[in-house]
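The following exercises are to be solved with the sequence and the model at hand. Each task is followed by a worked solution.

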Amino acid sequence: MDDLRRLAVFAAVVRHRSMSAAGRALGMSPSAVSQQVRVLEREGGVTLLHRSTRKLTLTDAGERLHMACAAMVVQADLARAELRSAREAPSGELRIAATVGFARHIAPALGELLAAHPALSLQLLVDDSPVDLIEARVDLAVRFGNVPDMPWAARRLGSFDWCLCASPAWLAQHGEPSSPEALLGHAWVGFVRASGALMFSFQGPAGERQTLRIQPRIASNNQLSIQQMCEAGLGPAMLGMVDVQEALDAGRLRHLLQDWQAGSLDVWALTPQRDAQPAKVRHAVAALAAYLAQVPGMRPPV
């Protein structure tokens, strides 16, 4: 690194035509600049500059070295320009990890951003399993629930309410439940858990609480599959309001026990960097937050 610094100092001396002017440009004293050049000459065993009281002139060896140094400085300037561009304008590949159920929101959330910045490309990694952001080179991951302690940066994008759902066909066969506990004897559709059981807590209109321990008869690790099986009449399911609003409006699902609150789930944007976020990540997070604020069933962060 010291060698590179000396070469940069030498290039500055030639560009500014004096030790003093180079020192002012580099924030160094003229004597410090001269010392750097003398070290280069001593290590190379050649004279690089002819010095006089009026001017500096390059020797043949100095001329050849300056050509190489000038190219190095140009490349360094280009590298700094690339850094500024990455910081100021969205460009390059944006790698986003999202769950299967949430992936359908990526296109409407980021469509305008991608259209406005042709130098920006997108690679969407869809997986319901946790992803190591560093190993998978992920710039931004959308995750749900509690965020454990981790070295990554987390920004809360909002939250959505849980919605206890069943299909009209299931309700026609089993009837409308009057309380959460009325559903204990039924076969449920739900997420796969290591323990096998799911715990759901409800708060009633008078503040009463009921907690259900459910062993799903039909289980999946994929939210979209659970919703599809619920719509097919295979059992009630606890689903995210943000995911089922369209199915509720279309009549494929019914919202059960609407007087009972089933809690909510936070939505997070995770990024591997806490500081100096590139423009592509900053703009993508902002676009996601703005989009989700308009999605039925979502509540913005407070």
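**Exercise 1. Two helices in contact**

In this predicted model, helix H5 passes helix H9 in a right-handed crossing. Determine at what angle H5 and H9 pack, and describe the contact of H5 with H9 by class of residue.

*Solution.*

Step 1. The helices H5 (106-116) and H9 (279-292) are located first. Their axes are 9 Å apart, and the angle at which they pack is about 125 degrees.

Step 2. An angle between 115 and 145 degrees belongs to the oblique class. H5 and H9 are therefore oblique to each other.

Step 3. On the side of H5, the residues that meet H9 are Ile-106, Pro-108, Ala-109, Leu-110 and Leu-113. On the side of H9, they are His-283, Ala-284, Ala-287, Leu-288 and Tyr-291.

Step 4. Sorted by class, the contact of H5 with H9 has 9 nonpolar residues, 1 polar residue and no charged residues.

**Exercise 2. The largest nonpolar core**

State how many residues the largest nonpolar core has, and which element gives the largest share of this core.

*Solution.*

Step 1. The largest nonpolar core has 26 residues. Leu-110, Leu-157 and Leu-288 have the most contacts inside it.

Step 2. Two or more residues of this core come from each of strand E3 (92-98), helix H5, strand E5 (140-144), strand E6 (153-166), strand E13 (264-271) and helix H9. The largest share, 7 residues, comes from H9.

Step 3. Leu-157 may be examined in detail. Apart from residues up to four places away in sequence, Leu-157 touches Val-267, Trp-268, Ala-269, Val-285, Leu-288, Ala-289, Leu-292 and Pro-301.

Step 4. A second core, separate from this one, has 18 residues, among them Ala-11, Ala-12, Val-13 and Leu-40.

**Exercise 3. A second pair of helices**

Find the crossing angle of the axes of helix H7 and helix H8, and list the residues that make the contact.

*Solution.*

Step 1. The axes of H7 (residues 223-231) and H8 (residues 241-250) come within 11 Å and cross at roughly 30 degrees.

Step 2. Angles under 35 degrees count as roughly parallel, so H7 is roughly parallel to H8. The crossing of H7 past H8 is right-handed.

Step 3. H7 contributes Gln-223, Gln-227 and Glu-231 to the contact, and H8 contributes Asp-243, Val-244 and Ala-247. By class, these residues are 2 nonpolar, 2 polar and 2 charged.

**Exercise 4. Positive phi in two loops**

Decide whether Arg-137 is buried or exposed, and do likewise for Leu-257.

*Solution.*

Step 1. Most residues other than glycine have a negative phi. Arg-137, however, has a positive phi near 55 degrees, and Leu-257 has a positive phi near 50 degrees.

Step 2. Arg-137 is in the loop between strand E4 (120-126) and E5. Its relative accessible area is 55%. Exposed means over 50%, so Arg-137 is exposed.

Step 3. Leu-257 is in the loop between strand E12 (254-255) and E13. Its relative accessibility is 10%. Buried means under 20%, so Leu-257 counts as buried.

**Exercise 5. The surroundings of Val-189**

Determine which residues are in contact with Val-189, leaving aside its neighbours within four places in sequence.

*Solution.*

Step 1. Val-189 belongs to strand E7 (residues 189-191). With 2% relative accessibility, Val-189 counts as buried.

Step 2. The residues in contact with Val-189 are Pro-216, Ile-218, Ile-226, Met-229, Leu-234, Gly-235, Pro-236 and Ala-237.

Step 3. Sequence and space may also be set side by side. Val-189 and Gln-227 are 38 residues apart in sequence, while their C-alpha atoms are 8.5 Å apart in space.

Note on methods:
Residues numbered from 1 in each chain as written. Predicted model: local features only at pLDDT ≥ 70, side-chain atom pairs only at ≥ 80, totals over all residues. Heavy atoms only, no water. Core = buried A, V, L, I, M, F, W, Y, C linked by side-chain atoms within 4.5 Å. Buried < 20%, exposed > 50% of the residue type's maximum accessible area, 1.4 Å probe, protein only. Helix = DSSP H or I, 4+ residues; strand = E, 2+ residues; numbered from the N terminus. Contact = heavy atoms within 4.5 Å. Axes fitted to C-alpha atoms, helices over the stretch in contact; angles between N-to-C directions. Parallel < 35°, antiparallel > 145°, perpendicular 65-115°, else oblique. Left-handed = near helix turned anticlockwise from the far one by under 90°. Nonpolar A, V, L, I, M, F, W, Y, C, P; charged D, E, K, R; others polar.
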